[in-house]
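Biologist: I've got a model open and I'd like to understand how it holds together. Can you walk me through it, starting from the picture?

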Amino acid sequence: MDATIKNAEGRMTKSLASLQEELAGLRTGRASAAMFDKIRVEYYGNPTPLNQVASISVPESRLVVIQPWDKALLGEIEKAIQSSELSLNPSSDGKVIRLNIPPLTEERRKEIVKLAKNTAEQARVAIRNIRRDANDELKKQEKNGDISEDDLKRGEEKIQSLTDSYIEQINAALDAKETEILEI
């Protein structure tokens, strides 16, 4: 029974971490290095994460500076940023790439909030699916005689308590991101 609960908790933790990573990648009105986590650059024929071929710094709230370790990558990095869903226009001086992050329009903010809510809902569904799987596993253990009916009830209560806790954390992460997106 304890192994089942630990397994469920581990899977729920991974789901929450995945959500937080997704939310960090959503663009807000201010600059952040996390915005570029999903961008891949062609490097010796392999798509490589941008943060592995360049340093990304945020000297001001609306400015990102990207300095590639290999100057030959400037053009590739610019292409990757332009083709991403960030809708940013990079400017290069031959050594570094500067990106001015324009303030978001009200309409775009609402679109991003809708996307964040959708992502959070997917995470909630994943948590509920983990709960279902864990409860099924506990019922199977009870049917096989590995645990008693009382242990089954206690296990289901622990699983439900874990589920409630992780759903609350998902809601808190969504609320924080929504506030960050909507602030001007």
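Biologist: Leaving aside its neighbours within four places in sequence, which residues is Leu-19 in contact with?

Modeller: Quick heads-up: this is a predicted model, where local features need pLDDT of at least 70, side-chain atom pairs count only at pLDDT 80 or more, and totals for chains, interfaces and linings use all residues. Residues are numbered from 1 along each chain as its sequence is written, and side-chain values use heavy atoms, with hydrogens and water left out. Contact means heavy atoms within 4.5 Å. With those sequence neighbours set aside, the partners of Leu-19 are Thr-119, Ala-120, Ala-123, Ile-170 and Ala-173.

Biologist: Which helices each supply at least two residues of the largest nonpolar core?

Modeller: A nonpolar core is a set of buried Ala, Val, Leu, Ile, Met, Phe, Trp, Tyr and Cys residues joined through side-chain atoms within 4.5 Å; buried means under 20% relative accessible area, exposed over 50%, partly exposed in between (1.4 Å probe, protein chains only). The largest one has 27 residues, and Leu-19 and Ile-170 are among those with the most contacts inside it. Helices (H or I, at least four residues) and strands (E, at least two) are DSSP runs, numbered from the N terminus. The helices you want are helix 1 (2-25), helix 3 (106-143) and helix 4 (149-182).

Biologist: How many residues are in the other core, the one with Ala-31 and Val-53?

Modeller: That core lies apart from the largest one, and Ile-56 and Leu-74 belong to it too. Its count is 21 residues.

Biologist: Now charges! Which residue forms a salt bridge with Lys-38?

Modeller: A salt bridge is a side-chain nitrogen of Lys or Arg within 4 Å of a carboxyl oxygen of Asp or Glu, and by this rule the count comes to 13. For Lys-38, the closest N and O atoms are 3.2 Å apart. Lys-38 sits in the loop between helix 1 and strand 1 (40-43) while its partner is in helix 1, so the pair ties together parts 16 residues apart in sequence. That partner is Glu-22.

Biologist: Is Glu-76 partly exposed or buried?

Modeller: Glu-76 meets Lys-79 in a salt bridge, 3.5 Å from N to O. The two are three residues apart in helix 2 (residues 74-82), so about one helical turn separates them. Glu-76 has 26% relative accessibility, so it counts as partly exposed.

Biologist: Which residues are linked with Arg-11 in a network of salt bridges?

Modeller: Side chains of opposite charge can pair when their charged atoms come close. Here, the residues networked with Arg-11 are Arg-132 and Asp-133.
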